[in-house]
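Student: Could you walk me through this one, feature by feature? I'd like to learn how to read each item before moving to the next.

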Amino acid sequence: MLGFLDIRTLSLMVGLNSVVMAGIMTYISTTRLTYPGFHYWTFSFVFSGLGMVLTSLRHIAPDWISIVAANLCIIAFPALLAIGLIKFLDRPCRFWLPFMVLAVALVGFIYFTYWQPNVSVRVVVISLAMGLLLAYSLYLLLRNARSQLGFNNILLNTVLAFLSFWAVVRASITPLLEGHISDFLSAGTLQEFSFVFYSLGCFLIMGGLITLNVQRMESELASADQEIKNMSSLIPICAACKKIRDDKGYWEAVENYIQRTTNKDLTHSICPECTKKLYPEINLEDE
């Protein structure tokens, strides 16, 4: 069933867009302050672009390149996204889920390409794998971003939620609406919309990741600024003579410092305790 867009052209355009996004992420990582995990996000767009370009080579390149390797690269996108978030959020090493999903998907691609060729099942496999990994990334953000970093990223959360939901929808209704697909390049409108959603999602995810990096930078700058303010509110005073050190490093008497900083004149008096020590003959209770 032919749709209103050409899947080969779509996959090529989406791949080139992902390569451009990878270039933007590379530029930011080399010219700006970035945190652990940002490089994984950059490589995720590289694999996304490579996978889509290889998909456009269907019937031109061998199946192990245009199907198996292409789909594996596409799934590497959300896998590296999740690993980058684990690094960024400084969570314990829990890389087993992304790697397990990649391994199971690889077995599925090989099996349903060579032993039991079935395009519809391959669509289900890649959709479920992507949905699971995107949902895992969303889980990492919702559970740790606020508690660990003190902020949320609504854009990234929303995009991940929508893409993971759409992946599940695609896996569920592809066998129902399109039945047995003889050739992926001739698949219907559902697959074409999936490519469009994927391209827009990648663009928004890139924006969300860059914003997440900036949010952490701003949070740390605010904390450092508050710490500097707290330190500047401390007044160094000599433990022996009680002189105070000013901002220029000079030591001066307490009276002079207070008079200079508050513009108030001081008058001398004597407290009851010192009166007892210096003038024991004076009975303060009688007074």
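Tutor: Let's begin with Thr 174, which sits in helix 6. Keep in mind that this is a predicted model.

Student: Is Thr 174 buried or exposed?

Tutor: Look at the relative accessible area, where under 20% counts as buried. Thr 174 has a value of 0%, so this residue is buried.

Student: How far is Thr 174 from Arg 122, in sequence and in space?

Tutor: For a pair like this, set the sequence separation beside the C-alpha distance. The two residues are 52 apart along the chain, and their C-alpha atoms are 10 Å apart in space.

Student: Before we go further, how confident is the predictor in the chain?

Tutor: Read the average and then the spread over elements. The mean pLDDT of the protein chain is 87, with 94% of the residues at 70 or above. Helix 2 has the highest mean among the elements, 96, while helix 8 (residues 254–262) has the lowest, 76.

Student: Now the interior. How should I think about a nonpolar core?

Tutor: In soluble globular proteins, nonpolar side chains tend to be buried together. Here the largest nonpolar core numbers 58 residues, and Trp 41, Phe 45, Ile 75 and Ile 205 have the most contacts inside it.

Student: Which elements give two or more residues to this core?

Tutor: They are helix 1 (7–31), helix 2, helix 3, helix 4 (96–115), helix 5, helix 6 and helix 7. Helix 5 provides the largest share of the core, 13 residues.

Student: How many cavities of 30 Å³ or more are there?

Tutor: There is one. The volume of the largest cavity is about 370 Å³. Of its 23 lining residues, Ile 74, Ile 126, Met 130, Arg 170 and Ser 194 are the closest to the centre.

Student: And what is the lining of that cavity made of, by class?

Tutor: Count the residue classes, then ask where they come from. The lining of the largest cavity has 16 nonpolar residues, four polar and three charged. At least two lining residues each come from helix 2 (38–55), helix 3, helix 5, helix 6 (154–177) and helix 7 (189–232). Helix 5 gives the largest share here, seven residues.

Student: How much space lies in the largest pocket?

Tutor: About 160 Å³. Its lining has 14 residues, and those closest to the centre are Ile 67, Pro 117, Val 119, Arg 122 and Ser 182. You've already met Arg 122, as the residue 10 Å from Thr 174, C-alpha to C-alpha. Helix 3 (63–88) and helix 5 (119–149) are the elements that give two or more residues to the pocket lining. By class, that lining has five nonpolar, five polar and four charged residues.

Student: What about backbone angles?

Tutor: Most residues other than glycine have a negative phi, and most peptide bonds are trans. His 59 has a positive phi, near 75 degrees. This residue lies in the loop between helix 2 and helix 3. With a relative accessible area of 54%, His 59 is exposed.

Student: Last one: how many disulfides does the structure hold?

Tutor: Zero. The test is whether two cysteine sulfurs lie within 2.5 Å of each other. For Cys 274 the nearest cysteine sulfur belongs to Cys 271, 3.4 Å away, and Cys 274 is in no disulfide. Cys 274 is partly exposed, at 35% relative accessible area. Cys 238 is also partly exposed, at 21%.

How values were computed
Residues numbered from 1 in each chain as written. Predicted model: local features only at pLDDT ≥ 70, side-chain atom pairs only at ≥ 80, totals over all residues. Heavy atoms only, no water. 1 Å grid on protein atoms, 1.4 Å probe; cavity = no way out; pocket = protein on both sides within 12 Å on 5 of 7 lines; lining within 4 Å. Points joined across faces, edges and corners; volume = space filled by probe spheres on them. Helix = DSSP H or I, 4+ residues; strand = E, 2+ residues; numbered from the N terminus. Nonpolar A, V, L, I, M, F, W, Y, C, P; charged D, E, K, R; others polar. Buried < 20%, exposed > 50% of the residue type's maximum accessible area, 1.4 Å probe, protein only. pLDDT = per-residue confidence, 0-100. Core = buried A, V, L, I, M, F, W, Y, C linked by side-chain atoms within 4.5 Å.
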